[in-house]
Amino acid sequence: MRNVTGRLMLLDTASLYFRAYFGVPDSVRAPDGSPVNAVRGLLDFIDRLVKDHHPDDLVACMDADWRPAWRVELIPSYKAHRVAEERPSGPDEEEVPDTLSPQVPVIEAVLDAVGIARVGVPAYEADDVIGTFTARARGPVDIVTGDRDLYQLVDDARGVRVLYPLKGVGTLQITDEAVLREKYGVDGAGYADLALLRGDPSDGLPGVPGVGEKTAAKLLAEFGDLAGILAAVDDPKARLTPTQRKRLTEAHPYLAVAPKVVRVADDVPLPEVDTTLPRTPRDPDAVRELAARWGLGGSLERLLTTLAR
């Protein structure tokens, strides 16, 4: 990765094409009748993002492994309810709507033809790719995701913020530390501890029984971080209720491994890739073929026009 000093935009691509799929009617179809609502919705979203936020660099971050074995080894329930098929070698197959799966290769082909950098790394999720790009960036970073887990990367001092879609893909919440403190009582660095204490059923993270979001925020306000909370459990003078002390003690095996699962990696071996926002298509012939084959029409034309400005 070259030294990125301008505004870097990182797309949590799967999160965004899932939202596009559910936000755009499946009546949007290719000439052969195949649904392309996720494809066109994602292209429209990228067009809007580039118009509104003017990134210098753009990366579509991918899930090369949506449920890494090293996370499952630590917490076996991690995303277990979303497994469609277990595979003895390679990533398990994720449960995805029947008409979305065939659109993913089209999305990948279009991004490649346009010249938008697309990065996935074996054994890592898109979140980890995003975390590593963010750690290496030398300028401001906009992370576009519908996944609150990435709030942990918000850092006002470094200009790292999360653009979180509130309704479909048209209305974004610009998430900085002020927003996090108002909503959750923590800053970016504290969000991962809040999330692992609270748990997240959608990711198969049990959390600490009886500790919800508000209690987790109060514990973090009192003791600083997870390490401070665990130290308080061992300190009879610490201001914990007997019930809290009991619950945290019983949850210790979970709390010992949860940080590695919940916190995004920042040391992923990224490939060498040119992240510069493309002004002209990398492969114009492929763009024309894809546009005709899949009926991408105005969505692709608008994006190419925006990129050329």
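Begin by selecting helix α1 (13-23) in this predicted model. α1 supplies four residues to the lining of the second largest pocket, the largest share of that lining. The pocket has a volume of about 420 Å³. To find its centre, display Tyr 17, Asp 63, Trp 66, Glu 94 and Val 104, which lie nearest to that point among the 18 lining residues. Then colour β4 (93-94) and α4 (103-114): together with α1, each of these elements gives at least two residues to the lining. Colouring the lining by class shows nine nonpolar, three polar and six charged residues.

**The largest pocket**

Keep α1 selected, since α1 also provides the largest share of the lining of the largest pocket, again four residues. The volume here is about 580 Å³. The lining comprises 22 residues, and those closest to the centre are Ser 15, Arg 82, Gly 146, Asp 147 and Asp 203. Besides α1, the element that contributes two or more residues is α5 (126-136). Which classes of residue make up this lining? Charged residues number 15, with four nonpolar and three polar residues beside them.

**Helix α5**

Select α5 next and display its surroundings. Is this helix enclosed or open to the outside? Nine of its 11 residues are buried, so α5 is largely enclosed by the rest of the structure; the cut-off for a buried residue is under 20% relative accessible area. The buried set runs through Ala 126, Asp 127, Asp 128, Val 129, Ile 130, Gly 131, Thr 132, Phe 133 and Thr 134. To see what covers them, show β1 (8-12), β2, α3 (69-74), β5, β6 (141-144) and β7 (160-167), against which the buried residues of α5 pack.

**The nonpolar cores**

From Phe 133, move into the largest nonpolar core, which has 62 residues. Phe 133 is one of the residues with the most contacts inside this core, a group that also includes Leu 10, Ile 143, Leu 197, Leu 248 and Leu 255. Helix α7 (residues 188-198) gives the most to the core, with six residues. Centre the view on Ile 143 and display its neighbours: leaving aside residues up to four places away in sequence, Ile 143 touches Leu 10, Ile 130, Thr 134, Leu 150, Leu 153, Val 160, Arg 161, Val 162 and Leu 163. A second core, separate from the one just visited, has 39 residues. Select Val 36, Leu 49, Leu 100 and Trp 294 to locate this second core, as they are among its members.

**Loop residues**

Three loop positions come next. Go to His 54, in the loop between α2 (37-53) and β2 (57-61). His 54 is not a glycine, yet its phi is positive, at about 50°. Is the residue buried or exposed? His 54 is exposed, with a relative accessible area of 56%.

Ala 123 lies in the loop between β5 (117-119) and α5. Here too a residue other than glycine has a positive phi, near 75°. Ala 123 is partly exposed, at a relative accessible area of 35%.

The third position is His 81, in the loop between α3 and β3 (83-85). With 46% relative accessibility, His 81 counts as partly exposed. Which residues does His 81 touch, not counting those up to four places away in sequence? Display Pro 201, Ser 202, Asp 203 and Gly 204 to see these contacts. Asp 203 has already appeared among the residues closest to the centre of the largest pocket. A distance may also be drawn from His 81 to Asp 92, 11 residues apart along the chain: their C-alpha atoms are separated by 12 Å.

**The whole chain**

Finally, zoom out and show the entire protein as a cartoon. The view contains 13 helices and eight strands. Along its principal axes, the C-alpha trace spans about 70 × 40 × 35 Å. How does the radius of gyration stand against that of a compact globule? For 309 residues, a compact globule would have a value near 19 Å, and the protein, at 21 Å, agrees with this. Colouring by accessibility shows that 51% of the 309 residues count as buried. If contacts with a separation of 6 or more are drawn, 68% of them join residues 24 or more positions apart.

Key:
Residues numbered from 1 in each chain as written. Predicted model: local features only at pLDDT ≥ 70, side-chain atom pairs only at ≥ 80, totals over all residues. Heavy atoms only, no water. 1 Å grid on protein atoms, 1.4 Å probe; cavity = no way out; pocket = protein on both sides within 12 Å on 5 of 7 lines; lining within 4 Å. Points joined across faces, edges and corners; volume = space filled by probe spheres on them. Nonpolar A, V, L, I, M, F, W, Y, C, P; charged D, E, K, R; others polar. Core = buried A, V, L, I, M, F, W, Y, C linked by side-chain atoms within 4.5 Å. Buried < 20%, exposed > 50% of the residue type's maximum accessible area, 1.4 Å probe, protein only. Contact = heavy atoms within 4.5 Å. Rg over C-alpha atoms; globule rule 2.2 N^0.38 Å.
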